[in-house]
Amino acid sequence: MQKWPKKKTQYPLIALVFFVFIVFSILYNEINIQEIHSKHNTHNGDSSSSPKEEDPLFQSSHTVKNLTLPRNPPVPLDKSSVCHSTVKYSGKRAEWDSFKPETGGRREMPETCDYFSGEWVFDNSSHPLYEESDCPYMSDQLACHKHGRQDLEYQYWRWQPHHCNLKRWNVTEMWEKLRGKRLMFVGDSLNRGQWISMVCLMQSVIPADKKFMTPQAHLSIFRAEEYNASIEFLWAPLLVESNSDDPVDHRLSERILRPDSLLRHSSEWMHADILVFNSYLWWRQGPVKLLWSTEENGVCEEINGLGGMELAMEAWANWVDTNVDPAKKVFFVTMSPTHFTKGEWEPGSEGNCYNEKLPINGTYWGIDSDLPTMQMVEKTLSRLGSKVNVLNITQLSEYRKDGHPSIYRKFWEALTPERLADPASYSDCIHWCLPGVPDVWNELLFQFL
C-alpha cells in the first residue's frame, strides 16, 4: 500500500512570529516610557529625579518655601532620637504657601452671651453628672476619691455664666449630635482628662454589649455601636512630630520636634468630624530643640518654649486652613491653669493646691497662665477666622484651686519617706479630679455643638 507523506503543521512558525511580535512591542513601549520620563525630568530641570521624588504620594502634604527638600525622607522621631549637635535658633520659619488669613477675625460663638465669664455655684442637687465609681474607664490619675480624698465638695460645683444659663446637660441629645460621627480630642494629658470626662459622661446610656473601648498606644477609641459614633483621644502633646510622641514613655532629658511636620498626627485626626485640640503645658518646661525635616546632618536649633509653640501653632493653623471645610468642626481649648503657689491666692502663705477645699473668690489670674502665650495663641487663631472655635476655659478654671488631685491619685514612681512626709512636695496641681472641672469644659462643648 502506498503511504502518503504527512503534511507538516504550521504551528511552530506561527508561534515564532507571535513571540517576535511580543518582544518587539515590549521594547518599543519601554523606549517610549524612557523618552517620556526623560522629557518630564528635563522639564523640571532635574535629570536625576527618582520616581519617589516625582510621585505625589512621596511628597509632603504642604509646600515649604526657602527649604531644600532632603533626598531621603527624614527618619521619624522617637525617644531614641538625638541631636548630633545644637546651635542657636537661626530664625528659620516654614512659609506655608496656602495660608490665607481670613479678614473677619476669629470666629465668635453665635450666642450673644459670654459663657466663659461667670462664677462657680455649689449645687449638690444636679452635680456631679456621674459617679466616679460608675465609670469603668476612669483613670487612676484622676480618680481622687478612690485614692483617698474624703472631701467630695469639689464634685458639686456648677459653672454659672453671669448673664445667661448653660444648656442643661443631656446625654441622649449629645449622642444624637454625634450620630455617625467621630469626636476626637488631640493633645496632652489634660486633653486626655477631658476625653475621659466625656466618655464617663456618655457611656452610661449605652448597653454593655454595644460599647467598646480600644486603648491603643497612639489613639484610644470609645465606640457606641447603636449610634455608629466614637469618642477618641490622640496623643500629640506638641501637635507637631516630636520625640515625645510615645503616650507612656515620654519623660526625656530633651524635647526634639519637627516644626514643619504634622503628618504623624494629622494622618489620624484628618478623618474625624469634630476635633478638640489643646497644647500648652509641655511648652512650659524649658527650651526645645528643632530638627527640621530638611536637616540631614542631625543639627538641631534650640529655641525657647514660646517660640517653639508658635512654630508648631503655625504648622497646625496651616493644616486647619487647608483642610477644614464647613462639614468639620474644630475647637481649640485654651491653657489649663496650674496652682503651685498658694501665696498667689493667699498672700503670705506657703504651699500649693494640697488640702485646698474651696474655689477662689473674686478676680484671680495665676502667674503660671502665661499672658504672652495667650496672646500668641489668640493671634494665630484670629488668622483662621470661622474655621476654628475657641473654648476659653482658662479664667473659669483659674478659680478651682480645689479641683486638682494633689496627693489623691496613683503615682507610678516610688515616693521616698521624705516626700511622703511632705505632701505638698509631690502634689499634682496640674491635672483635675473627675468628676470635676473637665466636665464643665465638656458642658461648654455641648453648648456649642
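Hi everyone, this is a short walk through one sheet and one serine in this structure.

A word on the source: this is a predicted model, where local features need pLDDT of at least 70, side-chain atom pairs count only at pLDDT 80 or more, and totals for chains, interfaces and linings use all residues. Residues are numbered from 1 along each chain as its sequence is written, and side-chain values use heavy atoms, with hydrogens and water left out.

Let's start with the sheet. Seven strands (E, DSSP runs of at least two residues, numbered from the N terminus) make an open sheet, ordered E5-E6-E7-E4-E9-E12-E13, with mixed pairing; two strands pair if DSSP finds at least two bridges between them. Strand E5 (211-214) and strand E13 (389-391) are at the edges with a single partner strand each, so one side of each has no neighbour in the sheet. On average, neighbouring strands here are turned by 15° against each other, direction ignored; axes are lines fitted to C-alpha atoms.

At the E13 end, strand E12 (residues 329-333) runs parallel to E13, joined by three bridges. There, Phe-331 sits opposite Asn-389 of E13.

Now for our serine. Ser-242 belongs to the loop between strand E7 (229-235) and strand E8 (256-257). Is Ser-242 buried or exposed? Ser-242 is buried, because its relative accessibility is 0%, and buried means under 20% relative accessible area (1.4 Å probe, protein chains only). Leaving out residues up to four places away in sequence, Ser-242 touches Leu-77, Ile-256, Leu-257 and Arg-264, where contact means heavy atoms within 4.5 Å. A polar atom of the Ser-242 side chain also lies 3.0 Å from the backbone nitrogen of Ser-244.

How values were computed:
Helices (H or I, at least four residues) and strands (E, at least two) are DSSP runs, numbered from the N terminus. Buried means under 20% relative accessible area, exposed over 50%, partly exposed in between (1.4 Å probe, protein chains only). A polar contact is a pair of N or O atoms within 3.5 Å; within protein, one must be able to donate a hydrogen and the other to accept it, and residues adjacent in sequence count only if both atoms are side-chain atoms. Axes are lines fitted to C-alpha atoms, for helices over the stretch in contact, and angles run from 0 to 180 degrees between N-to-C directions.
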